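Please walk through this model from one buried position outward, following the helices and the nonpolar groups that they share.

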Amino acid sequence: MFEKSHAGDRYRLRFHRARSVVLTDEELVEIRAAQRTFEGAYIRTALGQFSFALVILKIFTSEFYSFGALFALYGTGVLLTSLLRRQQGNKQFFSEIGEDGLNQKRFRTSGNVVVVLTALSVAAYASLLGLTLRLGE
């Protein structure tokens, strides 16, 4: 009833389970390049947002603290989105065994991650605009 197969048993590469596969040099290069490109970009963006938030909180007066908090929240959102992207990226190199017992290649674009980041950015920019307009009062 509650039996669910482990992800390492469901995903396969060259008919080997994902948790026991030995990758070739070319596959390792491809996986590492994807990690550098996607995960690195998200982590660098989040660190940049955290750094900017810290600069705002340390240099400016207390009326700008809400700006610093906004950038810290935005950095946290980007960091959480990077975890989602990493989870999806780890699955894209493997095939999944379908319910019919056949291997099915799973490739997903990062469209849903782009939608999440777009919504996060629009919300942050709208909040930033609102904070800026309220600053003059």
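In this predicted model, Ser-82 belongs to helix α3, which covers residues 65-91. Ser-82 counts as buried because its relative accessible area is 5%, and the cut-off for that term is under 20%. Once neighbours within four places in sequence are set aside, Ser-82 is in contact with Tyr-42 and Ile-43. For Ile-43, which lies 39 residues from Ser-82 along the chain, the C-alpha atoms of the two residues are separated by 7.1 Å.

A further pair of residues can be placed in a similar manner, beginning from helix α2. This helix runs over residues 25-59 and holds Arg-44. The C-alpha atom of Arg-44 is 9.7 Å from that of Gly-75, although their positions lie 31 residues apart in the numbering of the chain. Is Arg-44 buried or exposed? Arg-44 has a relative accessible area of 55%, and it is therefore classed as exposed, since that class begins over 50%.

What, then, makes up the largest nonpolar core? It has 7 residues, namely Tyr-42, Ala-46, Tyr-74, Val-78, Val-113, Leu-117 and Ala-124. Helices α2, α3 and α4, the last of these covering 111-135, each supply at least two residues of this core, and the largest share, 3 residues, comes from α4. Tyr-42, a member of this core, is also one of the residues in contact with Ser-82. Leu-117, again leaving aside neighbours within four places in sequence, is in contact with Tyr-42, Val-78 and Thr-81. A second core, separate from the one just described, has 6 residues, among them Ile-56, Phe-67, Phe-71 and Leu-131. In soluble globular proteins, nonpolar side chains tend to be buried together.

Helix α4 deserves a closer look. Its buried residues are Val-113, Leu-117, Ser-121, Ala-124 and Leu-131. An α-helix has 3.6 residues a turn, so residues three or four places apart point the same way. The length of α4 can be checked as well: its 25 residues, at 1.5 Å a residue, should span 36 Å, and because its end C-alpha atoms are 36 Å apart, the two values agree.

Nonpolar side chains also appear on the outside of the model. Phe-52, Val-55, Ile-59 and Phe-60 form a nonpolar patch on the surface, and together they have about 390 Å² of accessible area. Ile-59, one of these residues, is placed in helix α2, and it is exposed, with a relative accessible area of 63%.

The chain as a whole gives the setting for these details. Its secondary structure comes to 4 helices and 4 strands, which follow the pattern α-β-β-α-α-β-β-α when read along the sequence. Of the 137 residues in the chain, 27% are buried, while the chain exposes about 9700 Å², with carbon and sulfur atoms supplying 63% of that area. Among contacts between residues at least 6 apart in sequence, 57% join residues at least 24 apart.

Technical notes
Residues numbered from 1 in each chain as written. Predicted model: local features only at pLDDT ≥ 70, side-chain atom pairs only at ≥ 80, totals over all residues. Heavy atoms only, no water. Buried < 20%, exposed > 50% of the residue type's maximum accessible area, 1.4 Å probe, protein only. Contact = heavy atoms within 4.5 Å. Core = buried A, V, L, I, M, F, W, Y, C linked by side-chain atoms within 4.5 Å. Patch = residues over 30% accessible without salt bridge, like charges linked within 9 Å, V, L, I, M, F, W, Y side chains within 5 Å. Areas by Shrake-Rupley, 256 points an atom, 1.4 Å probe, with all protein chains shown as cover. Salt bridge = Lys/Arg side-chain N within 4 Å of Asp/Glu carboxyl O. Expected span 1.5 Å × (residues − 1).
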